[in-house]
Amino acid sequence: MITFILRRMLLMVPTLWAIATLTFFMMRAAPGGPFQSEREIPAAAKEVLFAKYGLDKPWPEQYVTFLGNAARLDFGPSYKYPTQQVSDIIRSSFPASFELGLWSLLLALALGIPLGVIAANRQNTATDYLTMSATLLGVSIPNFVLGPVLVLVFALTLYWLPPALWLGPSSRVLPVLTLSAIYLAYIARLTRGGMLETLRQDYIRTARAKGLPESRVVFGHALKLGILPVVSYLGPAVARIVMGSIVIEQIFAVPGLGRQLVSAAFNRDYTLVLGIVVFYAGFLMVLNLVVDVAYSWFDPRVELA
Amino acid sequence: MGRTSGGRTRREAASLAPDGILRPVTALAKNQGVPALAAVAALVLAFGTGCAPRAAGDAAYFGDTTPPSGQVLTFNNGAEPEHLDPAVMSGQPDGRIARMVFEGLCSADPRTLAPVPGQAYRWDLSPDGLVYTFHLRPGLTWADGHPLIAGDFLWSWRRVLAPATGSRYASFLFAVRNAGAYNAGELTDVTQVGLAAPDESTFVVTLAQPTPYFLELTTFYTSLPTPRHVIEKLGDGWEDALALVGNGPFRIAEWELKNRFVLVPNERYWDRGAVKLERIVALPVEELSTATNLYKAGVVDWNPSGYVPKTVVPFVRHFKDFSGGPYHGTYFYSMVVTKKPFDDVWVRRALNAATDRAAIAEHVLRGTVTAWGGITPMGYAGYAAPPQLKYDPVYARECLAKAGYPGGKGFPPIEILFNTSEDHRRIAEAVQAMWKRDLGIQVTLSNQEWASYLAATTAKNYDVARRSWIGDFADPMTFLDMWITDAGNSRTGWSNAEYDDLIRRATVEVDPAERLRMLSRAEAILLSEGPVIPVYHYAETSLIKPYVLGIHSTVLDVHPLKGVSIDPDWRSHAAAAEATP
């Protein structure tokens, strides 16, 4: 186990290097640069900016400097917001994304798993059909449709909740609902599928045969194996969900990292894009590792190698 | 449902505002949103506006009209400011914050934007129109209590002009003698620049030539003073929102990146008594539909011009709190005249005459803008603009024939470049159809995202491109000097000796009427020979709650907030005003 974790962590280094390198050159290859404007920037001002950020140097030299700094996790100041260090921007933007994702994930799990279990237990009943139809809707409605509809109903017609912003508990409700919908639906469907399979296993029949109450059969024995599909889905899902949803952060003006990444790419804010991409990549890899380890705990048959 | 539930939202937002923070927006609304998202959001918003009003008395207004408790103004600033240092900033959101935190020699009248005494309580102009002597108010201080003296203005303006500062708008001070040469590095002795502070309360500016709009320039953010004593101590760090030391009516109390600025009155401001607001919250909401939703829900009291999606304007413009007056900007197409076939003036005239601006304004943009056949916008005192270009398909065909392409035969396929935006696309499609119909030429469309579009236009790597220009001050010059030979903002390669000469002479002309006549002649040349196809005149599209007093429509979209206040009894006041006409 320890060797496994260590090896995986070592592997992250070349992966991160490759991602950073690709991003560096892709950003440079995109047309335009960070210091352009609809209004001409005076040549003198441009020179000052280019010299300040080392953009007057040839690419290879910029690349070497960048790698050296990146290794120390120092991406320098943002080009667009020169008073902000990239690391500070990430530090101050990530919590909002993380919080949004965390609530959404908790909501999705708290409702999705019970719904899936209930549906599986009452397979082919009205409850099952109703739940599965609802989750089908949840899976198919894109969040950029669901978000504005929720805003229209709860913020602009009923005036119950603010339509956007990240200030106070009430402002969390709509973005969390919007973000969690698809995960909730998906988790419910996965749970149902996993549970259906598990409930047909011999050891469940054995458990029932020895007279265990149904609740113990389901929650004590079946659930642990039945939600395995959810666990493997959670790895990438957790990463996606807590890294922030670009669309939802835009619609609801959430000061998160997803919004930063999009505007940084549009602004050709090289340092900020690189910083966020490397952060994302590292975070994703760590989460995947956590999921792999968790998987072996849920299902002892899985061997880490 | 009605006002109670609306009141709840409002209270909630207010409770956030007092302890929490909100944020501002900028001019980066260059349509960087996710198009599909914006479209859906706009659609939903459009339906939303069709809903029944929540309370009978509110029918005339867009959304919640419950005033906040207390003198608190929440507005959308459009984006996170890039800079808080007035010397280097270049965006609307930056400027809005700077104008609250700093004050120049003059400040702007909230209705007319005419220069009124600011840090200087009076000024004299020498008879030859060259030397302004500003007299500062006695006892001025920075927000940290440090005295503010004329030497601060001298130091600040020199700092703007110093090449190492990298100020994007240093040219705002080029009216000052030798300022341009010093900024370009041709002159290294700063004392040669026409700025002096003979004593602590006198600031003397010597101009290169009489400049009728010079006082207006002193109200622009680049001219705002910056605190030498802080900058010398903190270096670049002085720009930190929470460390920022200004001299204006407000100071920054709280700041969260991409979430909000909270400003409170600067107790040391000389005119503290005139400042009514206890708190200003500026939000950086970029997504226009979101900004408009926030306004409708009553979280935001003021959504400045440009932050209402174009597609939504037709649905909200009948509300009393929508304001749609003229705005100092022009939307046009430009052509690269160093390329075939645009090197031929008759081709340029043909394209111009085949552009049906009225149809674009009326049908494509649903009457939300004014069709405009000139490059300078409306409304300069004393300026007689040349006749506007007209849509004339017959003349257009004649021009094309004169260029050697009768009926469009042999005309090479050309491309219209625009940056990502639903409106730009629809206009380009309309123009494409018009040119095909009236001239028989093949036009393709090229959509690029903002940075690519900027790179292409700057490099003159396009045929025809969608462009726009927003005036910096209320004078035709701000729309005309960009077209002289090799000017960086022309981006067309156009050069005309007579035009250059007129602009140069107008720059030094002492007689204001003669100067404007020269500019008008120059504009006539530009319209008849030039590389531009004007399309429409910008209109203001702002939303201001009826309880906000003191924010007026202005052509430059500059709104001093010093005297703004919240009227908790606006309903009874509005009713009284209606009763006594």
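## Chain A: overall build

Buried residues account for 42% of the 305 residues of chain A. This value, like every other in this report, comes from a predicted model. The secondary structure of chain A consists of 13 helices and 0 strands. Read from the N terminus, its elements therefore follow the pattern α-α-α-α-α-α-α-α-α-α-α-α-α, since a residue run counted here is either a helix or a strand.

Along the principal axes, the C-alpha atoms of chain A occupy a box of roughly 85 × 55 × 30 Å. Of the contacts in chain A between residues at least 6 apart in sequence, 74% link residues at least 24 apart.

## Helix H1 of chain A

How many residues of H1(A) are buried? The count is 2 among the 28 residues of H1(A), and this helix is thus described as hardly covered.

The length of helix H1 of chain A, which covers residues 2-29, can be checked by simple reasoning. Each residue should add 1.5 Å, so the 28 residues should span 40 Å. The expected span is obtained by multiplying 1.5 Å by one less than the number of residues. The C-alpha atoms at the two ends are 41 Å apart, which agrees with the expected span.

## Chain B: overall build

Chain B contains 18 helices and 21 strands. Buried residues make up 53% of its 581 residues. Among contacts in chain B with a separation of 6 or more, residues 24 or more positions apart account for 73%.

## A four-stranded sheet in chain B

Strands of a sheet pair through backbone hydrogen bonds, and the pairing is either parallel or antiparallel. In chain B, 4 strands form an open sheet in the order E4-E5-E7-E6, with antiparallel pairing. Which strands lie at the edges of this sheet? They are strand E4 (120-125) and strand E6 (195-199) of chain B, each of which pairs on one side only. From one strand to the next, the twist averages 20°.

E6(B) and strand E7 (residues 202-206) of chain B run antiparallel and are joined by 3 bridges. Within this pair, Leu195(B) has Val205(B) in E7(B) as its bridge partner. Helix H4 (residues 150-161) of chain B packs on the sheet, where it touches strand E5 (131-136), E6 and E7 of chain B. The direction of helix H4 makes about 165° with that of E6(B).

## A six-stranded sheet in chain B

Another open sheet of chain B has 6 strands in the order E14-E18-E13-E17-E15-E16, and its pairing is mixed. Its edge strands are strand E14 (370-371) and strand E16 (443-448) of chain B, each pairing on one side only.

Strand E15 (residues 414-419) of chain B runs parallel to E16(B), and 6 bridges join the two. Ile416(B) stands opposite Leu445(B) in E16(B). H14(B) packs on this sheet and touches E15, E16 and strand E17 (464-470) of chain B. Its direction makes about 130° with that of E15(B).

## Where the two chains meet

In the contact between the chains, 60 residues of chain B meet 51 residues of chain A. Four helices of chain B, namely helix H1 (3-19), helix H2 (35-50), helix H8 (288-296) and helix H14 (450-458), each supply at least two residues of the side that touches chain A. Which element provides the largest share of that side? It is H2(B), with 7 residues.

The residues on the side of chain B that touches chain A comprise 26 nonpolar, 20 polar and 14 charged. H14(B) thus has two roles in this description: it packs on the six-stranded sheet, and it supplies residues to the side that touches chain A.

Methods
Residues numbered from 1 in each chain as written. Chains lettered and ligands numbered in written order. Predicted model: local features only at pLDDT ≥ 70, side-chain atom pairs only at ≥ 80, totals over all residues. Buried ≥ 20, exposed ≤ 12 C-beta atoms within 10 Å, placed from the backbone. Contact = placed C-beta atoms within 7 Å. Nonpolar A, V, L, I, M, F, W, Y, C, P; charged D, E, K, R; others polar. Pairing = 2+ DSSP bridges. Axes fitted to C-alpha atoms, helices over the stretch in contact; angles between N-to-C directions.
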